[in-house]
Amino acid sequence: MEAIIRPDKESAAKLVEMIIAAELRRNPSMVLGLATGRTMEEVYRLLAKAYGEGRLDFSLCRTFNLDEYVGLQPSDPHSYRYYMNERLFKQVNVDTRNTHLPNGLAPDLDAECRQYEEKIKRCGGIDLQLLGIGKAGHIGFNEPLSALLSRTRVKTLSPTTVEQNAEFFGGAGNVPSRAITMGVGTILDCRRCILMATGYGKAAVIAKAVEGPITSMISATALQLHSRCTVVVDEEAASQLQEVDYYKWVFENEPEWEEFR
Ligand code: F6R
């Protein structure tokens, strides 16, 4: 794992956009794993801008999202399908038939989860998975005690997650209680992971995820097992990390990061 600290949330999002753009230019038919949430909004705005300016082409790209609520129509503005359509898919030239989210309305949810895993496999696996982190440490909706080798399945949302997402639904009582999510094991199978977090609200959980012991209580800690995971944070989210100077030195000096500095 490596941690990259940018001065503010705009430059953190810019770096994530640059990493995705570089991968997409190298491999136009890449399989891109996507996340929703507040943190990703700026990343998608920048990707759409790059497409609008003729700097990116999504026509061959395939996408898989991490998760979707159970019971919401794709036309529901709270659904993750709606979020993705509005913020990215309608803004770029991706073929919507190549965009995948779990179907939270499937009559047999377990079968849907199995099929989602199979679809990822048929596409050759995910090349780059974008991840946010919840205040209690989830990636996707892998809530506390999610098995570190778990696959796509239905999870019940924890009270912290319900609280975190309550403002979108006009109160905690309206938040769906369950979601389909890629498992921690599904995420660990991705060839590259980018975890992004910004703001003081994420500082404590980022310190645990990056420097704390691996535990199923905080599914993001499992990323320490991944051979190619980059954590991109702003100064605020980095404010409780111990080894900030070392992480900054690596970013400023490693040749790998030259084109991104
Ligand atoms: C969303 C997802 C979640 C979010 C996380 C952070 O698809 O899988 O894990 O990435 O809850 O959400 P924000 O960015 O709203 O703080």
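This report describes the surroundings of the ligand and one pair of aromatic rings in a predicted model.

**The ligand site**

The ligand occupies the largest pocket of the structure. Around the ligand stand 15 residues, and the closest are Thr36, Thr39, Asp67, His138 and Lys202. Sorted by class, this shell consists of eight polar, four nonpolar and three charged residues.

Polar contacts to oxygen atoms of the ligand are listed below, with the part of the protein that takes part in each.

| Residue | Protein atom | Distance to a ligand oxygen atom |
|---|---|---|
| Arginine 38 | polar backbone atom | 2.9 Å |
| Histidine 138 | side-chain N or O atom | 2.7 Å |
| Lysine 202 | side-chain N or O atom | 2.7 Å |

Histidine 138 and lysine 202 thus reach the ligand through their side chains, while arginine 38 does so through its backbone. The ligand on its own would expose 410 Å², and the protein buries 96% of that area.

**Aromatic pairs**

Nine aromatic pairs are present in the structure. One of them joins tyrosine 44 and tyrosine 83, whose ring centres are 6.3 Å apart. The planes of these two rings meet at 80°, and an angle over 60 degrees counts as edge-to-face, so the pair belongs to that class.

Where in the chain do tyrosine 44 and tyrosine 83 lie? Tyrosine 44 is part of helix H2, which covers residues 41-52, and tyrosine 83 is part of helix H3, which covers residues 80-87. The pair therefore ties together parts that are 39 residues apart in sequence.

Notes. Residues numbered from 1 in each chain as written. Predicted model: local features only at pLDDT ≥ 70, side-chain atom pairs only at ≥ 80, totals over all residues. Heavy atoms only, no water. Near = heavy atom within 4 Å. Polar contact = N/O pair within 3.5 Å; in protein donor to acceptor, adjacent residues only side chain to side chain. Areas by Shrake-Rupley, 256 points an atom, 1.4 Å probe, with all protein chains shown as cover. 1 Å grid on protein atoms, 1.4 Å probe; cavity = no way out; pocket = protein on both sides within 12 Å on 5 of 7 lines; lining within 4 Å. Sits in = over half its atoms within 2 Å of the grid points. Nonpolar A, V, L, I, M, F, W, Y, C, P; charged D, E, K, R; others polar. Phe/Tyr/Trp six-rings, centres within 6.5 Å; stacked < 30°, edge-to-face > 60°. Helix = DSSP H or I, 4+ residues; strand = E, 2+ residues; numbered from the N terminus.
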